[in-house]
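Hi,

Here is the structure I promised to pass on. Have a look at it first, and then read my notes underneath.

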Amino acid sequence: MKSRHKKLALIGAALAVIGIIAALVLNALNSNIALYITPTEVAAGKAPKDKLFRIGGLVKEGSIQRQADGVTIAFIITDTEADIPVHYKGILPDLFKEGKGAVAQGRLSADGHFQATEVLAKHDENYMPPEAAKALQDAHARGLEKQANDAAAAADAAKPKAGY
Amino acid sequence: MNDRFNLYRFASPATFYPLAGRMIPWFAAAAVLFGLAGLYLGMLVAPTDFQQGEGYRIIFIHVPTSWMSMFIYLVMAFWAAIGLAFNTRLSGMMAQALAPTGALMAFLSLWTGALWGKPMWGAWWVWDARLTSELILLFLYIGYMALVAAIDDPRRADKAGGVLLLVGVVNVPIIYFSVKWWNTLHQGSSVNLTKSSMAETMLWGMLLMALSFWMYSIAVALTRARTLMLERERHTDWVKAELAETQR
């Protein structure tokens, strides 16, 4: 084995060791690296007590309630398994919408709601013109309707059999 | 031996210097062409986004600079490995020539990201895994440049810098996969080798801009490498001949 090949092998081995160390460190720090925890994790009691933390998820459809003053707002953050009611007073980003992602910083209050001091919007990685987005939405609605019709038809078809 | 084309010939600064000089104008021209095409597609042809309106168009700078900041680091680490293993003169110069461009790309990525984050997310900066690891990348570039500049002997500077580059290379996959591995405010990737979640003209505009930044990076890195070659090899015959040529 030539010395330069030995060196190359040594560099490769060193890189592998560094990679393993990095993986172990990152794994150990896992919970500190995550920017937010989910409502399910809060429900499981993983939320820090009396300390600021962030929760993230979707803003539940139909949950936004604005007060008359225009800056006080209540909404629900959900990961579809668990819900957390959030209270917030302040300015919201434009992309904050029902059914879209949001990350809120604050702390849990005694009655179980989350008192937020900052609310950020989290958007997804899809980029398309509004017409394409509308077409997708319409197709999705048609799909749901068709599903409902099929289910109704299947129920109808099943009925006479059941009566037989 | 001389009758066949030998690629290793260009590992010598004396032969690489004129070759680099001939290549630079082509890469510069390609950067301008791809850049014009990319800007035209991105700014004038690509449609408005359904969520972010016109604001999303910063993606045509943000994503290419982010890609280049990671890619340039990988190329520097490659040259560092070659330099440490084979003790070649040129590899250290190539790594050094790339560093300022890599740092510029990392800085632009963070800066355009902040400009984009404020209107869309509501924050200039959050300490999420993607943003933090990209900031570490910028610090790695700056640290490398400072380390190399602090050591007078260029061969020793290359060795020390090379070790730093190789240690830091673990950060690149962390940046890339951060949005998959952890909860982040930054959204996931829109584009990878197999799929894209962008409208077609948006995607093409972005890819053309990425090509433009790529060609630009090669052109400026080669220019810088030529200066480094002259500086480091100033006592050799080929540099003296080269300088005599230009003075004539």
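Below is what I found, going from chain B as a whole to its helix pairs, then to its contact with chain A, and last to some strands of chain A.

One thing before you start: this is a predicted model, so keep that in mind as you read.

Let's begin with chain B. How many helices and strands does chain B have? The count comes to 8 helices and 0 strands. If you walk along the chain from the N terminus, the order is simply α-α-α-α-α-α-α-α. Along the principal axes, the C-alpha atoms of chain B fill a box of roughly 60 × 35 × 35 Å. Chain B has 248 residues, and 42% of them are buried. If you take the contacts in chain B with a separation of 6 or more, 77% of them link residues 24 or more positions apart.

Now for the helix pairs. Two packed helices are described by the angle between their axes and the distance between the axes. I looked at two pairs this way.

The first pair is α4 (residues 129-150) of chain B with α5 (154-168) of chain B. Their axes come within 9 Å and cross at roughly 165°. Because of that angle, α4(B) is roughly antiparallel to α5(B). The crossing is right-handed. On the α4(B) side, the contact is made by Leu140(B), Gly143(B), Tyr144(B), Leu147(B) and Val148(B). The α5(B) side brings in Ala157(B), Ala160(B), Gly161(B), Leu164(B), Leu165(B) and Gly168(B). Sort the residues of this contact by class and you get 8 nonpolar, 3 polar and no charged.

The second pair is α2(B) and α6 (residues 171-181) of chain B, which pack at an angle of about 155° with their axes 10 Å apart. That angle makes α2(B) roughly antiparallel to α6(B). Here the crossing is left-handed. Which residues make the contact between α2(B) and α6(B)? From α2(B) they are Met70(B), Tyr73(B) and Leu74(B), and from α6(B) they are Val172(B), Ile175(B) and Tyr176(B). By class, this contact has 6 nonpolar, no polar and no charged residues.

Next, the place where the two chains meet. Chain B puts 34 residues into the contact and chain A puts in 30. On the chain B side, the elements that give two or more residues are α2 (59-86), α3 (89-120) and α5 (154-168). The largest share of that side, 4 residues, comes from α2(B). So you meet α2(B) twice in this email: it also packs with α6(B). By class, the side of chain B that touches chain A has 21 nonpolar, 11 polar and 2 charged residues.Finally, chain A has some strands to look at. Strand β4 (residues 83-89) and strand β6 (residues 114-122) of chain A pair in the parallel sense over 3 bridges. In one of these, Tyr88(A) has Ala116(A) of β6(A) as its bridge partner. Strand β5 (residues 101-108) of chain A also pairs with β6(A), in the antiparallel sense and over 8 bridges. There, Ala102(A) has Ala121(A) as its bridge partner. The hairpin of β5(A) and β6(A) has 5 residues between the strands, and in it Gly112(A) takes a positive phi near 95°.

Happy browsing!

Conventions
Residues numbered from 1 in each chain as written. Chains lettered and ligands numbered in written order. Predicted model: local features only at pLDDT ≥ 70, side-chain atom pairs only at ≥ 80, totals over all residues. Contact = placed C-beta atoms within 7 Å. Nonpolar A, V, L, I, M, F, W, Y, C, P; charged D, E, K, R; others polar. Pairing = 2+ DSSP bridges. Axes fitted to C-alpha atoms, helices over the stretch in contact; angles between N-to-C directions. Parallel < 35°, antiparallel > 145°, perpendicular 65-115°, else oblique. Left-handed = near helix turned anticlockwise from the far one by under 90°. Buried ≥ 20, exposed ≤ 12 C-beta atoms within 10 Å, placed from the backbone.
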